[in-house]
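User: I am new to this structure and would like a close look at a single part of it. Please choose one pocket, describe what surrounds it, and then place it within the rest of the chain.

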Amino acid sequence: MVTILEVGHNDKKKFISVRWKLVSTYLLLIFVTLIIINIFISKTILNIYIQQKQNDTFTKANIISNRTRYQLASDRMNEEWVKKAINEYSKEINGRIIIVDKNNIVKGDSNNLFIGDTFKHDEIQKALNGENSRRVYNFRDTGRVMYVSVPVILNDEIVGATLISVSIDNIYLEVKHISRKVALISGISMLVTAIIAFFFSDAIFKPLGQLKNAINKVAQGHLEEKVNIDSNDEFKEVAEAFNIMILKLDQVDTQRKDFVANVSHELRTPLTSIKILSESLISGEDFNVDVYKEFLTDIDSEVDRLNNIITDLLTLVDLDKEKLTLDLKITYMNFLLERIYLRLKPLAEKKSIDLELVLNEKIQLKVDNEKIQQAIINIIDNAIKYTQTGGKVKLKLYNEGKYAIIEIKDNGIGIPEENIQNIFERFYRVDKARSRDTGGTGLGLSIAWQIVSLHQGTIEVESKVGVGSTFYIKLPITT
Ligand SMILES: Nc1ncnc2c1ncn2[C@@H]1O[C@H](COP(=O)(O)OP(=O)(O)OP(=O)(O)O)[C@@H](O)[C@H]1O
Ligand SMILES: [Mg+2]
């Protein structure tokens with residue numbers, strides 16, 4: 001039974017399109033970046049404003065100190081022009097001015113509230129110690145206030161201190177306002193980005209949709225399905241890889257069908273013969289023993305044929321198994337070839353074929369003894385089979401670069417050029433009728449090819465009709 005899987009979004013997990021994931025990731029990134037930028041801009045502007053305010057206030061405090069120092073030192077701060085000056089400066093800076101003498105007694109106050117009082121304050125204390133000082137306080141009722149204090153110096157002596165307090169809430173308000181504007185611009189740009197990203201991603205992910213549709217069609221058995229994508233990016237590469245995969249899948253499918261058809265056909269032929277022969281024996285009445293013997297001999301050879309086919313098929317199935325482990329052993333190829341030579345000599349002699357073995361070098365290889373023997377035998381067996389009586393088959397072993405070569409040369413019927421590329425296919429026979437006579441099923445070479453491939457080797461063929469064929473088994477020399 002074939003289960004067709006729909007490629008889609010019907011899984012239990014909620015489907016979220018890559019497109020959305022991408023767009024939302026982009027937006028999140030932009031959002032975080034904009035927030036960081038916004039915070040940074042606000043902080044920088046705030047610092048600049050406050051620094052500016054602080055500098056201005058210090059300048060003013062020094063001017064006031066300089067203008068009033070003689071009066072402060074000689075306790076004449078109640079002169080009218082001094083009071084007026086303090087008031088004017090206070091209006092100008094929009095803040096409060098307090099001037100104390102070196103004993104912390106308030107001598108000047110733009111609000112006229114503390115005059116004569118003792119006024120002790122951290123900032124005043126620092127100024128009386130000769131330091132310029134600044135601090136920002138955040139009062140619940142009046143908001144953020146900056147305190148700036150400077151010493152009043154006359155003839156290198158500290159005669160008092162000037163303290164200015166100014167509200168800086170307006171600076172915070174201003175920065176907040178700017179920050180809101182930046183946030184608004186950020187919001188608009190995010191919206192624009194989202195729209196652009198959405199439309200761009202639509203174009204980017206279009207090929208993915210095409211690919212998905214093609215995969216769905218293939219899953220339903222349409223192996224002729226092709227994807228055409230002209231986006232010139234990774235999607236195109238995926239589509240090309242997909243098309244190649246489908247082509248391979250199609251080929252494998254065809255091979256599978258052919259294989260099943262071939263196997264059925266090959267098994268049926270001997271079975272039909274057996275059936276006919278046995279039926280003739282059953283229905284015939286007056287056969288003598290010789291006829292029985294002849295028919296039974298034929299049945300026996302057909303059974304042998306069936307047996308051979310099945311053995312070959314089982315060998316192929318074994319070789320096809322993915323993790324077939326080779327029993328690799330260091331082997332002297334000379335001895336191996338000698339053994340094969342002795343084994344096949346009688347077969348050659350039966351056909352009066354001169355089987356010759358030429359060994360010049362001793363070559364050691366790491367091979368699976370049994371399997372490599374089978375591959376070599378299959379090829380020599382062909383050479384004997386497809387060479388006329390009285391012909392010649394020559395075996396040679398030699399080194400060529402990193403390869404050991406086993407050469408099998410015959411002067412037999414040869415293989416037409418157009419058929420050479422097919423002879424390693426399963427069940428392929430150049431001359432079907434003739435091979436059937438010689439008992440061939442067309443599996444020998446595909447078995448040999450598989451075995452040699454498993455040893456990382458190759459088989460090459462040179463052949464000419466009527467002249468003969470030469471097979472080269474090339475096996476890598478591994479140390
Ligand atoms: N030395 C050769 N000379 C001429 N033709 C050959 C030779 N070797 C192989 N062939 C051709 O290649 C075909 C495939 O060979 P292969 O060994 O796979 O099958 P087979 O010999 O027909 O059957 P099997 O080996 O399974 O009994 C043969 O049928 C034959 O036509
Ligand atoms: Mg063969």
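Analyst:
**The second largest pocket and its setting**

The helix α5 is the greatest contributor to the lining of the second largest pocket, to which it gives seven residues. It should be said at once that the model is a predicted one. The helix α5 covers residues 234-283, and together with α11, which covers residues 444-454, it belongs to the elements that each provide at least two residues of this lining.

The second largest pocket has a volume of about 590 Å³. Its lining consists of 17 residues, and those closest to the centre of the pocket are Gln255, Phe424, Glu425, Arg426 and Ser446. Sorted by class, the lining comprises six nonpolar residues, six polar residues and five charged residues.

Where does the second largest pocket lie with respect to domain 2 and domain 3? Residues of the lining come both from domain 2 (234-318) and from domain 3 (325-476), and the pocket therefore lies between these two domains.

**The domains on either side**

The domain assignment of the protein chain places domain 1 at residues 68-169, domain 2 at 234-318 and domain 3 at 325-476. Between the C-alpha centres of domain 2 and domain 3 there is a distance of 23 Å. In the contact between them, domain 2 takes part with twelve residues and domain 3 likewise with twelve residues.

**Details within domain 3**

The bounds of domain 3 are residues 325 and 476, and several positions in that range can be examined one by one. Gln456 is found in the loop that joins α11 to β11 (458-464); α11 is also one of the helices that help to line the pocket. Gln456 is not a glycine, yet its phi is positive, at about 65°. For comparison, a negative phi is found in most residues other than glycine. The relative accessible area of Gln456 is 60%, which is over the 50% limit, and so Gln456 is exposed.

Thr387 occupies the loop between α8 (369-385) and β9 (392-400). Is Thr387 buried or exposed? With a relative accessible area of 2%, Thr387 is buried, because anything under 20% falls in that class. When neighbours within four places in sequence are set aside, the residues in contact with Thr387 are Lys351, Ile353, Lys392, Val393, Asp410, Asn411 and Gly412.

Ser352 belongs to the loop between α7 (333-350) and β7 (354-359). Its relative accessibility of 46% makes Ser352 partly exposed. Although Ser352 and Gly390 are 38 residues apart along the chain, their C-alpha atoms are separated by 4.9 Å. Gly390 is also among the residues that Ser352 touches, and the others are Thr389 and Gly391, with residues up to four places away in sequence not counted.

**Details toward domain 1**

Domain 1 runs from residue 68 to residue 169. Thr68 sits in helix α1, which spans residues 18-73. The relative accessible area of Thr68 is 3%, and Thr68 is therefore buried. Beyond residues up to four places away in sequence, Thr68 touches Met77, Val82 and Ile99.

Asp117 is placed in the loop between β2 (106-109) and α3 (122-128). Its relative accessible area of 38% makes Asp117 partly exposed. Asp117 and Lys107 lie ten residues apart in sequence, and their C-alpha atoms are 8.5 Å apart in space. The residues that Asp117 touches are Asn104, Ile105 and Val106, again without counting residues up to four places away in sequence.

Asn155 lies in the loop that links β4 (143-154) with β5 (157-167). Asn155 is not a glycine, but it has a positive phi of about 50°. At 69% relative accessibility, Asn155 is exposed.

**The chain as a whole**

The secondary structure of the protein chain amounts to eleven helices and twelve strands. Its radius of gyration is 51 Å, whereas the globule rule gives 23 Å for 479 residues; the chain is therefore more spread out than a compact globule. The C-alpha trace spans about 160 × 55 × 35 Å along its principal axes. Of the 479 residues, 38% are buried. Among contacts with a separation of 6 or more, 64% join residues 24 or more positions apart.

Terms used. Residues are numbered from 1 along each chain as its sequence is written. Chains are lettered from A and ligands numbered from 1 in the order in which they are written. This is a predicted model: local features need pLDDT of at least 70, side-chain atom pairs count only at pLDDT 80 or more; totals for chains, interfaces and linings use all residues. Side-chain values use heavy atoms; hydrogens and water are left out. On a 1 Å grid over the protein atoms alone, a cavity is a set of points where a 1.4 Å probe fits but cannot get out, and a pocket is an open set with protein on both sides within 12 Å along at least five of seven lines; lining residues have an atom within 4 Å of a point. Grid points are joined across faces, edges and corners, and a volume is the space filled by probe spheres set on the points. Helices (H or I, at least four residues) and strands (E, at least two) are DSSP runs, numbered from the N terminus. Ala, Val, Leu, Ile, Met, Phe, Trp, Tyr, Cys and Pro count as nonpolar, Asp, Glu, Lys and Arg as charged, and the others, Gly among them, as polar. Domain bounds come from an automatic or database domain assignment. The radius of gyration is taken over C-alpha atoms; the globule rule is 2.2 Å times the number of residues to the power 0.38. Buried means under 20% relative accessible area, exposed over 50%, partly exposed in between (1.4 Å probe, protein chains only). Contact means heavy atoms within 4.5 Å.
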